[in-house]
Amino acid sequence: MRVGADTVLAAPIEDVWAIVTDPERVLGYMSGITRWEVLSDRPTGLGARYRMLFRVGAAEVGGLVEVVEFDEPCDFAWTSVTGLDHRGRWRLRTAPGGRTRVELRLAYVVAGAGLSGWVAERIAAPMVAAHVRRSLAQLGRLVEHEQLRAAARRRAARA
Amino acid sequence: MSQAHATRSPSRNGHEPGDAPPRQDPPASPSLLGRAWRELAGVVGRRIPRADLDERDPDYIREQLPLFWLFSSLWFRGEVRGLGNVPDDGPVLLVGNHSGGNMLPDTMVFTVAFSTYFGVERPFYQLAHNLVLSLPGLSWLRKFGTVAASPENARKALSSGAALLVYPGGDYEVHRPSWESGRVDFGGRKGFLRLALEQDVPIVPVVAIGGQETALFLTRGERLARLLYLDRVLRLKVLPISISLPWIVNIGDFGHIPLPAKITIETLPAIDLRAEFGPDPDLDDAYDHVLAVMQDALDALAAERRFPVIG
């Protein structure tokens, strides 16, 4: 099952990239994520590993994930090593007017569980989709507020 | 297990000879009832599986989790908080208050949450009453890591480095009347403290509310159980009477359909008995402390609830 959402943010692509690839900031805007702990020596980049948890229904699912794509400043993708089988991807593209089109995708599989797995996958989809949409909205507020604050600092420096 | 014990008792769950009170058989009369009870005790005893920690099967748990997740999320609207209080690795004794009769709704909600939080790879065992493990059709519980409740099995699980969930209140607490839902009641059982001290593991209290609203539990039926010698034959202190679906009046609780009560579980910060009570803690002090901590948390959870069942 794949869920995703996209939005356009009024910020340069590099600024958005800096935020979505920084493990320290994940808990600040990702809805539903309750843990995003660095397990590798390098905090980010290809091969970085995190222990993550994501609240869906009555459980926090997740496990060990590894960054498998780090294509600056466009694509950041991870895949699960243990725990729930899933992949996640931030897809950033420049948009007209110095803005950035941001897409977050989560794809998950409930493995080897027959009918209950099939049903669980579909029951969970709207919950995951709601978290994805809320995450994008929160990321948008965070990014755009930082742009406003930076602009205000520049104005203050000029004045 | 000594030879003498093995021949005296049909128990196969690893009880040391000193663990159980001296066995008092039902009246030695040649009455039909007496013989039937002895026969039943023998059957149950023979059916209790020998604890083999290797029977826990992570792949099986992983495959069953979606089904239990569905029940837990949709039927019980389960909410488990504070799992971060459980140390990330190493042995830990999870001590819960027990609710919900024999259908164990809070155990299911907690097991799903624990298994997804720490991954099915983390060894996690639960102690259950002999009778639960000897019932036909429940052998799958063993694949989830359920073993017969005995000090020997508990030691084995903890010394293997696993997390172990125990309900000291056992059958006594799980069948308390519904109006005592907000009370932690271990019935004075302190074995879990001795276990934690002996194995030198932290205790993590797991406080749950909602289970006692899945049916209307009326009485434990302790006198009835004594009258029928259930305590001596089956280690059952109770013969509970409740009003539950689909039986309406349910005597003995050999299964019922739980009402979809909201179940909220809070995992509390770990208690290190030796750090808090010195190298040789007094069991009564420690017992009072653990109970008080759990009762406080349960009071807070009870205060959050507006309506029975709905939550």
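These are my notebook entries on a predicted model, covering chain B and its contact with chain A.

**Entry 1: chain B as a whole**

I began with the overall make-up of chain B, whose secondary structure comes to 13 helices and 10 strands. Of the 311 residues in chain B, 51% are buried. I then looked up how the contacts of chain B are spread along the sequence: among those with a separation of 6 or more, 77% are between residues 24 or more positions apart.

**Entry 2: strand β5 of chain B**

Next I went to strand β5 of chain B, residues 163–166, and asked which way its side chains point. A163(B) and L165(B) point one way, while L164(B) and V166(B) point the other way, and all of them are buried. I note beside this that in a regular strand the side chains alternate between the two faces of the sheet.

Which strands pair with β5(B), I wanted to know, and in what sense? Strand β2 of chain B, residues 92–96, runs parallel to β5(B) and is joined to it by four bridges; within that pairing I found V92(B) opposite A163(B). Strand β3 of chain B, residues 124–128, also pairs with β5(B) in the parallel sense, here over three bridges, and the partner of Q126(B) in β5(B) is L165(B).

**Entry 3: I265(B) and its surroundings**

I picked I265(B), which is found in strand β10 of chain B, residues 264–267. Is I265(B) buried or exposed? Its relative accessible area is 1%, and since buried means under 20%, I265(B) counts as buried.

I then listed what I265(B) touches, leaving aside residues up to four places away in sequence: E79(B), V80(B), R81(B), D106(B), V109(B), F110(B), V206(B), V207(B) and A208(B). For one of these, V109(B), I also looked up the distance, and the C-alpha atoms of I265(B) and V109(B) are 8.4 Å apart in space although the two residues are 156 residues apart in sequence.

**Entry 4: salt bridges within chain B**

Over all chains the count comes to 28 salt bridges, and I followed two of them inside chain B.

K262(B) forms a salt bridge with E79(B), with the closest N and O atoms 3.3 Å apart. K262(B) lies in the loop between β9 and β10 of chain B and E79(B) in strand β1 of chain B, so this pair ties together parts that are 183 residues apart in sequence. K262(B) counts as buried at 19% relative accessibility, whereas E79(B), at 26%, counts as partly exposed.

For the second, I looked at E213(B) and R305(B), whose closest N and O atoms are 2.8 Å apart in their salt bridge. E213(B) sits in the loop between β6 and β7 of chain B and R305(B) in the segment after α13 of chain B, and the two are 92 residues apart. Both ends are buried, E213(B) at 16% relative accessibility and R305(B) at 14%. I also recorded a network made by salt bridges that share partners, which joins E79(B), R81(B), K262(B), E266(B) and E304(B).

**Entry 5: the contact between chain A and chain B**

I turned last to the interface, to which chain A gives 26 residues and chain B 18 residues. About 1600 Å² is buried between the two chains, with 55% of that coming from carbon and sulfur atoms. On the side of chain A, the residues that lose the most area to chain B are A58(A), E60(A) and S116(A), together 29% of what that side buries.

How many salt bridges cross this interface? The rule finds three. One of them joins D85(A) to R62(B), with the closest N and O atoms 3.3 Å apart. I also noted 10 residue pairs in polar contact across the interface.

As for the elements involved, β3, β4 and α3 of chain A each supply at least two residues of the side that touches chain B. The largest share, seven residues, comes from α3(A). By class, this side of chain A has 14 nonpolar, seven polar and five charged residues.

I closed with the salt bridge between D88(B) and R35(A), whose closest N and O atoms are 2.8 Å apart. The pair crosses between chains, from the loop between β1 and β2 of chain B, where D88(B) is placed, to strand β2 of chain A, residues 33–38, which holds R35(A). D88(B) is partly exposed at a relative accessible area of 36%, whereas R35(A), at 15% relative accessibility, counts as buried.

Methods: Residues numbered from 1 in each chain as written. Chains lettered and ligands numbered in written order. Predicted model: local features only at pLDDT ≥ 70, side-chain atom pairs only at ≥ 80, totals over all residues. Heavy atoms only, no water. Buried < 20%, exposed > 50% of the residue type's maximum accessible area, 1.4 Å probe, protein only. Pairing = 2+ DSSP bridges. Contact = heavy atoms within 4.5 Å. Buried area = accessible area lost by both parts, 1.4 Å probe. Salt bridge = Lys/Arg side-chain N within 4 Å of Asp/Glu carboxyl O. Polar contact = N/O pair within 3.5 Å; in protein donor to acceptor, adjacent residues only side chain to side chain. Nonpolar A, V, L, I, M, F, W, Y, C, P; charged D, E, K, R; others polar.
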